[in-house]
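Colleague: Could you take a close look at one part of this chain for me and talk me through it? I'm new to this, so plain words are welcome.

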Amino acid sequence: MSPSTRTDGRDTRWAEHRQARRAELVEATMKAIRRHGARVGMDQIAAQAGTSKTVIYRHFTDRAGLYRAVVAAVDDLILRDLGSALATPGAGGDPRALVAAAVDSYLTLVERDPEVYRFVVTRPLLDTPVSDDPVEGMTSRIA
């Protein structure tokens, strides 16, 4: 293996650190949304995260990047909840029971976290439309 193709341990540790920090910032964003509502601002998000907007932008490039990361986290949460609902013994192989379990799971999430849901569907951080709409992809995966 040549030196140029070898993975540096520091690079791996920094990548893991950046990934963990991004996850922390997404969680802080979701807490800020729950606290301040779907129209939360970047200052409120930074305050909740205990950092500056500059640090947030370093990890997400812009508001659209942060928005996409939150949508991905919500998408993961929805898919996990749907998977659990569809794996319940009551759902079985009955299509009607499967659809009812999926709908109930989705609506439970919306009821449990309405501001996060509003944040995702109203795109409050974005000044312009997103070229690759992450909500459209989420909707397709849920369907």
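**A close look at Asp 81**

Modeller: Sure, let's start with the company Asp 81 keeps: once you set aside its neighbours within four places in sequence, Asp 81 is in contact with Ser 105, Leu 109 and Arg 112. Keep in mind that this is a predicted model. Asp 81 itself sits in helix α4, which covers residues 63-86. Is Asp 81 buried or exposed? Its relative accessible area is 16%, and the cut-off for buried is under 20%, so Asp 81 counts as buried.

Now hop over to helix α5, residues 95-112. Val 99 lies in this helix, and Val 99 is exposed, with a relative accessible area of 52%; the cut-off for exposed is over 50%. Val 99 also joins Val 103 and Leu 107 in a nonpolar patch on the surface, and together they have about 260 Å² of accessible area.

Next comes helix α6, residues 114-122, where Val 116, Phe 119 and Val 120 are buried. They sit on the same side of α6, because they cover an arc of only 95° around the axis. Just after α6, Arg 123 takes a positive phi of about 50°.

Stepping back to the whole chain, you'll count seven helices and zero strands. Of its 143 residues, 33% are buried. Look at contacts between residues at least 6 apart in sequence, and 61% of them join residues at least 24 apart. As for the outside, the accessible surface of the chain comes to about 8900 Å², and carbon and sulfur atoms account for 53% of that.

How values were computed. Residues numbered from 1 in each chain as written. Predicted model: local features only at pLDDT ≥ 70, side-chain atom pairs only at ≥ 80, totals over all residues. Heavy atoms only, no water. Patch = residues over 30% accessible without salt bridge, like charges linked within 9 Å, V, L, I, M, F, W, Y side chains within 5 Å. Areas by Shrake-Rupley, 256 points an atom, 1.4 Å probe, with all protein chains shown as cover. Salt bridge = Lys/Arg side-chain N within 4 Å of Asp/Glu carboxyl O. Helix = DSSP H or I, 4+ residues; strand = E, 2+ residues; numbered from the N terminus. Buried < 20%, exposed > 50% of the residue type's maximum accessible area, 1.4 Å probe, protein only. Arc of directions from axis to C-beta. Contact = heavy atoms within 4.5 Å.
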